[in-house]
Amino acid sequence: MAKRVYQVWKGNNKFFFGGRLIFGPDARSLLVTLLLILVPVIIFCALVARHLRHEFPAYNAGYAIIVVAVVFTIYVLVLLLVTSAQDPGIIPRASHPPEEDFHYESSASVEAGGRRTPSLQFPRTKEVLVDGVSVKVKYCDTCMLYRPPRCSHCSICNNCIERFDHHCPWVGQCIGLRNYRYFFLFVSSSTILCIYIFSMSALYIKILMHNDHGTVWEAMKESPASVVLMAYCFVSLWFVGGLTGFHLYLIGTNQTTYENFRYRADSRLNVYNRGCFNNFFEVFCTKTKQSKNNLRAFVQEESERPPAANTQEPEVDDLGGNPRSKVEDDLEIGGDLLAISQRRNFEEADENVDLRSRGSNGKQQRDSSEAEFALGLDRQEAQYSSRGRRSGSWDIMTDTQTMDHAVPRSRNDSGQ
């Protein structure tokens with residue numbers, strides 16, 4: 001039975017409702033975030049807002065306090081779900097490295113025996129232009145692709161995320177190109193909700209002081225829930241409020257959290273900054289890009305890839321006519337190099353013999369020895385082409401024996 005994409009997903013994500021919702025591997029942290037939002041709101045509605053509804057009898061305005069708290073809480077929870085349950089901008093993995101970027105380096109590797117053979121090289125970085133400025137992009141070994149600009153690989157989700165900002169444990173998802181807008185709205189709305197609950201709780205303390213003509217301490221004893229809510233919202237404001245301010249700065253300068261922490265010390269030029277207004281417009285007023293992953297699609301078996309095109313003309317055997325393989329070519333090249341080396345050694349030995357003889361027949365003997373050597377080389381080349389490129393060690397042994405027979409023969413001729 002054919003499987004769907006989410007069933008064979010290689011990342012660490014978790015899927016629900018047949019792949020319709022995608023979460024990070026730490027999706028359980030969402031339960032903690034839900035409790036941190038719902039529990040204070042429930043306490044506020046039950047112990048504080050319920051008493052405030054009678055303090056504003058005109059037009060039943062007191063009920064609006066409860067309605068605003070409930071509606072705004074639902075809005076925050078929806079933003080939380082949209083942020084954590086959608087594709088943040090995952091770039092699909094490649095099934096194989098990009099072949100157009102391969103090249104061979106002839107001097108990169110040395111085999112046993114001192115032979116140098118071509119080895120496969122792969123560039124780790126590439127240069128791309130962004131608004132006329134050269135930007136370096138890196139190759140991802142896990143996803144087998146060159147990451148686009150502003151893309152980074154999340155080690156928690158094990159995916160390359162487009163315009164990667166950070167991995168947020170509170171929402172259990174990476175924050176990237178497709179969900180950054182909703183993440184910021186979630187954080188800023190949570191800040192407003194904290195301010196609202198803090199303000200209404202403080203208002204209730206003031207009303208108690210005014211009605212009973214008592215002190216602050218007496219009012220706090222009468223409504224301890226208000227005190228707890230004020231303390232909780234004050235602490236939470238340091239977190240969500242500070243985070244909101246920080247991301248306002250990032251949006252205004254068109255940076256990501258990852259870029260700000262990593263490149264701040266390098267004083268690099270921000271090539272993505274288009275001005276404060278255009279930066280805010282890009283985040284909030286542009287259409288969200290469609291996901292590059294169809295998680296519910298059926299997996300299609302990948303067909304065999306055709307061999308890479310060779311720009312050089314294939315060499316053909318004398319017998320068969322099939323293109324030579326790389327290994328066979330390496331063996332033949334090694335054999336040719338050995339023959340050339342043996343020829344040079346033989347010429348040096350022959351010259352030494354001629355110098356010693358210094359006879360009148362030295363020139364003729366040297367010419368005859370060189371002719372015999374040339375005949376031996378022709379026979380050797382014929383042996384290489386007729387053997388069909390068998391084991392290189394067997395060829396070398398035969399060639400060495402041929403040279404050993406040729407050297408004594410030349411010496412005997414010179415002695416005569």
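**Reading a predicted chain, one feature at a time**

Me: I would like to begin with the sheet, so how many bridges join β6 to β7, and which way do the two strands run?

Reply: Two bridges join β6 to β7, and these strands run antiparallel. Please keep in mind throughout that this is a predicted model. One pair to look for is Tyr 139, which stands opposite Tyr 146 in β7. Between the two strands the hairpin has four residues, and in this hairpin Met 144 takes a positive phi near 55°.

Me: What is the order of the strands in the open sheet, and which strands are at its edges?

Reply: To read a sheet, follow the pairing from strand to strand. Here three strands form an open sheet in the order β5-β6-β7, with antiparallel pairing. The edge strands are β5, residues 125-130, and β7, residues 145-146, since each of them pairs on one side only.

Me: How many bridges join β5 to β6, and which residues are bridge partners?

Reply: Six bridges join β5 to β6, the strand of residues 133-140, and the two run antiparallel. Follow the numbers along the pair: Glu 127 has Lys 136 as its bridge partner in β6, Val 128 has Val 135, and Val 130 has Val 133. The hairpin of β5 and β6 has two residues between the strands, and Asp 131 takes a positive phi near 55° there.

Me: Where does β6 appear again, beyond the sheet, and how many residues does it give to the lining of the second largest pocket?

Reply: A pocket is read through its volume and its lining. The second largest pocket holds about 770 Å³ of space, and 26 residues line it, with Val 135, Glu 259, Tyr 263, Arg 268 and Tyr 272 lying nearest its centre. The elements that give two or more residues to this lining are β6 and α6, and β6 gives the most, with six residues. Val 135, which you met as the bridge partner of Val 128, is thus also one of the residues nearest the centre of that pocket.

Me: Turning to helices, why does the length of α5 agree with what should be expected?

Reply: The idea is to count residues and allow 1.5 Å for each, so the 30 residues of α5, numbered 224-253, should span 44 Å, and the end C-alpha atoms are 43 Å apart, which agrees. The helix nevertheless bends by about 35° at Leu 237. Just after α5, Asn 254 takes a positive phi of about 55°.

Me: Which residues of α5 are buried, and what covers them?

Reply: It helps to start from the general pattern. An α-helix has 3.6 residues a turn, so residues three or four places apart point the same way. In α5 the buried residues include Leu 229, Cys 233, Ser 236, Val 240, Thr 244 and His 247. What covers the buried residues of α5 includes α1 (29-52), β10 (166-168), α3 (180-212), α6 (257-263) and α7 (276-284).

Me: Is Asn 260 buried or exposed, and why?

Reply: The test is relative accessibility, and buried means under 20%. Asn 260 has 5%, so this residue counts as buried. Asn 260 is found in helix α6, and, leaving aside neighbours within four places in sequence, Asn 260 is in contact with Phe 246, Tyr 249, Leu 250 and Gln 255.

Me: What does the same test say of Phe 198, and which residues is Phe 198 in contact with?

Reply: Phe 198 is found in helix α3, and because its relative accessibility is 28%, Phe 198 counts as partly exposed. Leaving aside neighbours within four places in sequence, Phe 198 is in contact with Met 230, Cys 233 and Phe 234. Phe 198 and Phe 234 are 36 residues apart in sequence, and their C-alpha atoms are 7.4 Å apart in space.

Me: What should I note about the chain as a whole, in its helices, strands, buried residues and contacts?

Reply: The chain has 10 helices and 11 strands, and buried residues make up 36% of its 416 residues. Of the contacts with a separation of 6 or more, 61% are between residues 24 or more positions apart.

Notes
Residues are numbered from 1 along each chain as its sequence is written. This is a predicted model: local features need pLDDT of at least 70, side-chain atom pairs count only at pLDDT 80 or more; totals for chains, interfaces and linings use all residues. Side-chain values use heavy atoms; hydrogens and water are left out. Two strands pair if DSSP finds at least two bridges between them. The expected span of a helix is 1.5 Å times one less than its number of residues. The bend at a residue is the angle between axes fitted to the seven residues ending there and the seven starting there. Buried means under 20% relative accessible area, exposed over 50%, partly exposed in between (1.4 Å probe, protein chains only). Contact means heavy atoms within 4.5 Å. On a 1 Å grid over the protein atoms alone, a cavity is a set of points where a 1.4 Å probe fits but cannot get out, and a pocket is an open set with protein on both sides within 12 Å along at least five of seven lines; lining residues have an atom within 4 Å of a point. Grid points are joined across faces, edges and corners, and a volume is the space filled by probe spheres set on the points.
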